[in-house]
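I wanted to go through this chain with the model open beside me and write down what I looked up, one topic at a time. These are my notes, kept in the order in which I worked.

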Amino acid sequence: MADEVSPENVSERRMFAAAGGVSGMPAVGLPAANLPSAQPASGIDVPAIFGKTVADAAPRTRLLPRLPQFRGIMQAAATELDRGIAFVLAPVFMAAGALVYFAAGHEPSAAPLAISAACLGLLVMASRSHPPVNLALAALLLAVVGALAGKAETWRADTRMLGAEVTTQLTGRLVAIEHMAKGRDRLTVSVTRTERPVLRYAPDQVRVSARTVGDDIVPGTEITGLVRLMPPTGPVRPGSYDFSFRSYFDGNGASGFFLRGPVLTANPAAAGLAARMRAMVQGWRAAAAAHIAERIGGAEGEIAAALVVGVRAGIPDDVNEALRRAGIYHIISISGLHMALVAGTIMGLLRGAFALFPGFSSRRPVKKYAAAVAVAGIAAYLFISGAEVAAQRSFIMLAVMLTAVLFDRAALTMRNLAISAIVVIAVSPHEVAGPSFQMSFAATAALVGAYAAWADYRLRRPARTQTDRPLILRGLGRATGAIAGLAMTSLVAGGATAIYAAYHFQQMPSLGLFTNLAAMPIVSTLVMPFAVLGTLAMPFGLDGPFFDVMGMGLSATVAIARWFSERSPIDVVGPVSGLSVTLLTAALVIATVCTTWLRAAAVPLLLAGLLTLPGQAPDLLVSEDGRLVGLDAGDAGMAVNRTRPNAFTTGDWQRAMLAGAIVGPVVAKNAPASVAGLVEQLAGQPNGTQGFVCSERACAARHASGAIIVHAKDPAGASEACGLARVVVIDDATALDPCRSSDVLVVGRRDLAQRGSAAVTFGSRADSNEASNSEAATGENFAPTVEIEFAIERPYRPWHAQRRYSREARGLAPYSRTRPAAAEGASADSRNDPDQ
């Protein structure tokens, strides 16, 4: 590929871009023989968006030293700019600005951001005669715009978050109801009033669970009941998923469970038009989900309901886990795959119908007609599936690509992907911080880039002479090509998303490639096409046969997932450093958007990202309520201080520590009454292997470094541990630091209520052993170095501001009130549900 830039080449590329071409692909209405050679992979021309065009600004290479390497770099950069890389990178800088905003340690003010954006805009306009400076300022401007979008969304959400646990009589209008696999029901309620007590700062919307819900309770009805409400929880450990962040932007100010009820109100208030419309849609979705689940039956029926109307709550946990471990859980969440299959099915049906009328098809742009109907079809699919954020993002992306077909432009280009990303960032910038956005766009960008590279290769290679081959050989060749294409698709998409899966979930499916090769043809040919046909036939009562075929396809998919899940090795990778994610993301961006030899710059970034991949694994983790402590016990697994720990929390901690089994506490029959007695029991056992030894007052354990950890239930037990332990956790918000020594790290429940869960790291094993030997010779107590990190920083961001109002954060004891016995089980289930 020639990197020399001349006015003739520029003109030629502009003609090609205007025709809608993509590298190696004939533009609509343009014969392949007329395509110029060595076309850009993006098919993009961006005239004078960030300064002069390449043809106008060619003399700018003289600004740098007249060395061959500098000349080559500038020529390649000029070629990239002419091919539209500036526009393709625009959402990258916007996303970076949004990420910086959401990760900031304090809430940025709107005025400085707006003033910065205005000043940068003026500077961009004034620097058009200096393209390098102009591009740098434009990139900075886009980053500030991304941060401003995040600030605007935060202001727009303004969700009222509950500050402390409370029991109250709640009355509200039911927005949605989900039937859980465990037999419970989860209700989203728009709060109208609270009583006994009346909450002065009541949330506008809450999510509560109930054991039983009457058949007369449907979306849109007004219900009432006695509920126990709790504030949204923070991350279960520093760096993990923040549920408060999600709740804030979802509009849910509290979660909890019904102690009594719910029942319909005696005199319901009249609902507004918007509420009635929303209730009608939710009611239709619930009825459709129940109909599909009943028709297909079993776990397959629940998956079918999730694929058609987006109701996933009824899928059994074991099926979810099998799909996740097998690497095909992405088929459950309505995303780009489902939107593309729906659009493809609609276009295929319409093109086939138009083919029955050759005269009409030869005179009319039937491809455009099919694309227009496909846009309407995926819009309807978005509507009936609940319009979740992931589905909205996929709809925008596919709608842009189908709209490009209407205007005789190539659909699958980096430019269209960039437009989709810009729209998503402008509408929901908080999604940039989540795994769904990152994995979706990374996979799509990698696939578009790989397809363009393959098209370039096919365009450059010599044409093969056509020979007559037997039909069976032609069929085998096409089948082999299809399998190879599916394998490469899985490899490219899986490789692009692996780092984000490892960073957010500390897991990567080891056999995902083979599972996708086995399952995706079934999903693409049996599941989604017949889901579309069944949905279209549902109003006429003719959906049964179509959903039966869909159910058979799902049965085969679940069987494949279970088979691979049972044979998958451990898929836990442990913590991944943020620096590695940044470097690998930069490498992915360069490799996918560059079309010249500059893409080689991705290689050193890739290597640096792989070298910095492992993150710092914590040695000790403390939950934000101060009740649960997890300690790295080496080969034995992870030691905990409770006999029945929260399953969701311990699962996340195990992945963060790369721990195997959970080592429960040892409660001796003649447990010593003092903390000193517990420590004496630890003295005769190997370090870090025996777990916690507990009494009624406290628990104690020894880390491999020699540090003693004590979890005390009251200040008296903590005082006894001051001269013995290196870390003391006090499960009492009223307690102050009883040790007052720099050699003892004291973590109180008040600290945890204010700053969230904590991660503690001890000195390295080598340093600890050396220090231990030195201090043993002098007779001093060994005290390894300790570092602590909390999950939440202060000053609080808007989604954490409610933490300062809890009783524990104010140093008060929890409010005690006798609860009905029937509610105890609901409380435990609610605490163990990560979606609560």
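The entries below cover cysteines, aromatic rings, a helix pair and some backbone details, all read from a predicted model.

**Entry 1: cysteines**

I began with the disulfides, and the count came to 2. A disulfide is a covalent bond between the sulfur atoms of two cysteines. One of them joins Cys694 to Cys699, with 2.0 Å from S to S, and the angle of 115° about its S-S bond makes the link of Cys694 and Cys699 right-handed. I looked up the surroundings of these two cysteines as well, and both Cys694 and Cys699 are buried.

The other bond is formed by Cys722 and Cys739, whose sulfur atoms are 2.0 Å apart; here the angle about the S-S bond is -85°, and the link of Cys722 and Cys739 is left-handed. This pair links distant parts of the chain, 17 residues apart: Cys722 sits in the loop between helix H23 (715-721) and strand E14 (727-730), while Cys739 sits in the loop between E14 and strand E15 (745-748). I noted Cys722 as buried because its relative accessible area is 17%, which falls under the 20% cut-off. Cys739 is buried too, since its relative accessible area is 12%.

Counting bonded cysteines along the chain, I wrote the pattern of the disulfides as 1-2, 3-4. I also checked two further cysteines for accessibility: Cys119 is partly exposed, with a relative accessible area of 43%, whereas Cys594 is buried, at 7%.

**Entry 2: aromatic rings**

How many aromatic pairs does the structure hold? I found 17 aromatic pairs, and I took one of them, Tyr248 with Phe249, for a closer look. A pair of aromatic rings is described by the distance of the centres and the angle of the planes. For Tyr248 and Phe249 the centres are 5.1 Å apart and the planes stand at 80°, an edge-to-face pair. Tyr248 counts as buried because its relative accessibility is 3%, and Phe249 is buried with a relative accessible area of 13%.

I then asked myself which residues form one aromatic cluster with Tyr248 and Phe249. The cluster also takes in Tyr101, Phe102, Phe245 and Trp799. Tyr101, a member of this cluster, has Arg797 lying over its face, at 4.9 Å from the ring centre. I recorded another arginine over a ring as well, for the charged end of Arg160 sits over Tyr201, 4.8 Å from the centre of that ring.

**Entry 3: helices**

I next looked at helix H14 (residues 414-427) and helix H15 (residues 435-460), whose axes come within 10 Å and cross at roughly 170°. That angle is why I put H14 down as roughly antiparallel to H15, the cut-off for that word being over 145 degrees. The crossing in which H14 passes H15 is left-handed.

In helix H5 (residues 131-157) I picked out Leu142, which is buried, with a relative accessible area of 16%. Leu142 and Met94 are 48 residues apart in sequence, yet their C-alpha atoms are 5.1 Å apart in space.

**Entry 4: backbone details**

Most residues other than glycine have a negative phi, and most peptide bonds are trans. With that in mind I looked for departures from both habits.

Which kind of peptide bond joins Arg196 and Pro197, cis or trans? I found it to be cis, with omega about 0°, and Pro197 lies in the loop between strand E2 (185-195) and strand E3 (205-210). The peptide bond from Arg794 to Pro795 is also cis, with omega near 5°; Pro795 is found in the loop between strand E17 (786-790) and helix H26 (822-831).

For positive phi I noted Asp158, near 45°, in the loop between H5 and strand E1 (166-179). I also noted Gln506, with phi near 55°, in the loop between helix H16 (471-505) and helix H17 (512-537). Their accessibility is what I compared last: Asp158 is exposed because its relative accessible area is 54%, whereas Gln506 is buried, at 3%.

Conventions:
Residues numbered from 1 in each chain as written. Predicted model: local features only at pLDDT ≥ 70, side-chain atom pairs only at ≥ 80, totals over all residues. Heavy atoms only, no water. Disulfide = S-S within 2.5 Å. Buried < 20%, exposed > 50% of the residue type's maximum accessible area, 1.4 Å probe, protein only. Helix = DSSP H or I, 4+ residues; strand = E, 2+ residues; numbered from the N terminus. Phe/Tyr/Trp six-rings, centres within 6.5 Å; stacked < 30°, edge-to-face > 60°. Lys NZ or Arg CZ within 6 Å of the ring centre and 35° of its normal. Axes fitted to C-alpha atoms, helices over the stretch in contact; angles between N-to-C directions. Parallel < 35°, antiparallel > 145°, perpendicular 65-115°, else oblique. Left-handed = near helix turned anticlockwise from the far one by under 90°.
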